[in-house]
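Open the structure in your viewer and keep the selection tool at hand. We will go stop by stop.

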Amino acid sequence: MNGKAKSNVSAGVRIKGFLGSKWGQRAVLLILSAIVMAIFEPKFFTGGNWSSILLAIALYGIMACGMLFVILIGCMDLSVGSMAACAGAYLAFNWVNGGYTPQAFLTGLLLGLIAGVIVGLLHGVLVAFLNLPAFVVTLATQYLIYGYVVWYTKGAFIYPTRLNTGGDIFYFIGNQRFLGLAMPVWIFIIVVIITAFILSKTTYGRRLYAVGGSNRAAELVGINTKRHTIIAFIICSLCSSLAGMVLVSMNMVSGCTTAQGYQGDVLMAMMVGGINLAGGEGDISGAVFGALFVGIINNMIILLGIPSDYKDTIQGVIIIAAVAINVYQSRKAAGIISPAKARRIAEKAAKEEAAKSSQ
Amino acid sequence: MNSKRIRILISFLLVVILALFFGFTTESFFSASNLSQLLRDAAYVGTIALGMCCVIISGNIDLSAGGMACFAGCICARLALAGMPAIVCILGAMAIGAIMGFINSLLVNRLHIAPFVATLAAGFVYSGLGLIFTFRENGRIVNKPVMNPGFTSIAGKVGIIYYCVIVWIILTLIIYFVQLRTRFGMHTYALGSHETSAKMSGVKAIRVKTINYVICGVMCGIAAAFTVAYNNTATASLGNAMEFQAIAACVVGGVVMSGGSGNAIGALLGSLFMAMLSNGMLKYGINVDWQKMFQGALIIVATAGDAQFARIMNARMRARNS
């Protein structure tokens, strides 16, 4: 009898526990958006729509994987959009001006990746060695890189033409299909696997969590926190470069407006994925789910016919709501209560005490 | 001479050197019309930087300043188009700014969101709202002139000085006084220097932060109202990247990003520096994109320089004490 009652209780508790867990909340969010779309726009569930959603998810996802490293150490990179534009411009410019040869493609690819390494190195050195706040540094480099892209492309857009011969590598990385999935999705899957491997199986990844949890403590146990910070920034910029090149190939156009405002989307992905901004908390599943959710939301905005002007507002509200929930949960888990609530509890206790003593 | 005075002196010297440099190398830098234009630009950045410096000193940051200016400006233009007198338009913009500043403070104080994320996201919301409230014809955004002589007269000038410059300087002096001579100002510095110890010594942290955010919102409203009056229209690009310029101005003026140091005069000097830089670069024929690069590099150099400056000053103090 006892056992039966126990199992009855645990079923309810289990459901409650599932809804309280991160996977439960993610499932609820997905089901809710599916219900909304089923009511208002069944076109959402068609294969054609999902292949375009997957492309968006792949782009946000590649950037989110890089951003994950930076947020895990408690920093922030606001320059991902500009970095993507820069790498995309390198690739497209060299591809077009190099005469559509494989060498030209390789030059562009290498230049884009090298630019990513240099920018990441710059961020890392400024943050790790000069102790500047990461968001100020990356806010500044966001404009710096943007200005550079405008200068490099001379403010014009580059439209690579599609070659009808076999050797169109540029078109290939953004549009080619392989086993039913587009190339960007495959690239995204590879990036996710590498990120998951680094974060969970390598010393560097495990130490990253220690650095994010407490920089000082990590330093005291002998972790080279400066090196870890710099490498995290380099990985982030590299991922943005990659995403930028894929994006340029997907759209077959490059210019200073490429990936403009993507830092907002990526930030939203991180927040919805439950990555703690304070650092040291979050995993690859959060980044992937966040990218998935952002892709779905952006698609919903288009399908529901909401004017694109509202996109910024919706994005801002979602970010705030997601962070507020994250903060609430982590404060609750840590047992932190606000001074007002503490006062209320103390008053209540005092009243009870008074009632008891008067009896 | 203490480190604060030295820092202000450095900002002042930077402004003077830049002015002399542009004055000698370009023509017409010191002409009356150019100076008047330069001061007007400085007043726009400067009024926002003034609010920003209050928030930064209290140990927070406001990345939504551009969005606030955009939304407040659009509301102000709507009021002006409805034929309201100038004072109502300005007060309306200030009120909208105050409400937005209050919302920012709620996000930071009550929901405990990290200030830069909260205000970054809130900035998306405000600039999105501004976009929704811009003038449209058949769904397309148009630059509709604000036909309201009473309102547009606030963009006028006395001699070569625009009204907004006078307002800017008066506001700077008021805020400077508040920062250095009132209890609230002292509490702001205490909170920015060390939040926990300030709270333990009885500083009402939430109230002080809230007031600083509201000041920033109101300043954005004022700056937006004058800019709408001068441009005679409101567009969605009104506050574009203004928070970036305002932060740059604060940093150049010696307002340290981690809070607790700097003052309104520094923000004023920093804004002058920023306005001169873009003005002078335009005279050199350097276009806006390069200016953005310069400003980005400037923020990095200035924050890095400030960190070095603090280190040198600390070392000096330690050497003197030992």
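What should the 18 residues of helix 5 of chain B span, at 1.5 Å a residue, and how far apart are its end C-alpha atoms? Keep in mind that this is a predicted model.

**Stop 1: a helix to check**

Select residues 115-132 of chain B, which make up helix 5. The expected span is 26 Å. The end C-alpha atoms are 25 Å apart, which agrees. Now look at the cover around helix 5 of chain B: 14 of its 18 residues are buried.

**Stop 2: two positive phi values**

Step back to His112(B), in the loop between helix 4 (86-109) and helix 5 of chain B. His112(B) is not a glycine, yet its phi is positive, about 60 degrees. Its relative accessibility is 30%, so His112(B) counts as partly exposed.

Next, go to chain A and select Met252(A). It sits in the loop between helix 11 (225-251) and helix 12 (262-272). Here too phi is positive in a residue other than glycine, near 55 degrees. Is Met252(A) buried or exposed? At 15% relative accessibility, Met252(A) counts as buried, because the cut-off for buried is under 20%.

**Stop 3: salt bridges**

The count over all chains comes to 5 salt bridges. Start with Lys311(A) and Asp265(A), whose side chains meet at 4.0 Å, N to O. Lys311(A) belongs to helix 14 (residues 310-334) and Asp265(A) to helix 12, so this pair ties together parts of chain A that are 46 residues apart in sequence. Lys311(A) is partly exposed, at 27% relative accessible area. Asp265(A) is buried, at 2%.

Return to chain B and select Arg40(B) and Asp41(B). Their closest N and O atoms are 3.4 Å apart, in a salt bridge. Arg40(B) is buried, at 9%, while Asp41(B) is partly exposed, at 28%.

Now pick helix 9 of chain B, residues 195-200. Lys199(B) and Glu195(B) form a salt bridge here, 3.2 Å from N to O. The two residues are 4 apart, about one turn of the helix. Add Lys209(B) to the selection: salt bridges with shared partners join Glu195(B), Lys199(B) and Lys209(B) into one network.

**Stop 4: a positive patch**

Which residues form a positive surface patch? Select Lys332(A), Lys341(A), Arg343(A) and Arg344(A) to see it. Helix 15 of chain A (residues 339-358) gives the largest share, 3 residues. End on Lys341(A), which is found in helix 15 of chain A. Lys341(A) counts as partly exposed, at 42% relative accessibility.

Note on methods. Residues numbered from 1 in each chain as written. Chains lettered and ligands numbered in written order. Predicted model: local features only at pLDDT ≥ 70, side-chain atom pairs only at ≥ 80, totals over all residues. Heavy atoms only, no water. Patch = residues over 30% accessible without salt bridge, like charges linked within 9 Å, V, L, I, M, F, W, Y side chains within 5 Å. Areas by Shrake-Rupley, 256 points an atom, 1.4 Å probe, with all protein chains shown as cover. Lys, Arg positive; Asp, Glu negative; His and termini not counted. Charge placed at Lys NZ, Arg CZ, Asp CG, Glu CD. Buried < 20%, exposed > 50% of the residue type's maximum accessible area, 1.4 Å probe, protein only. Expected span 1.5 Å × (residues − 1).
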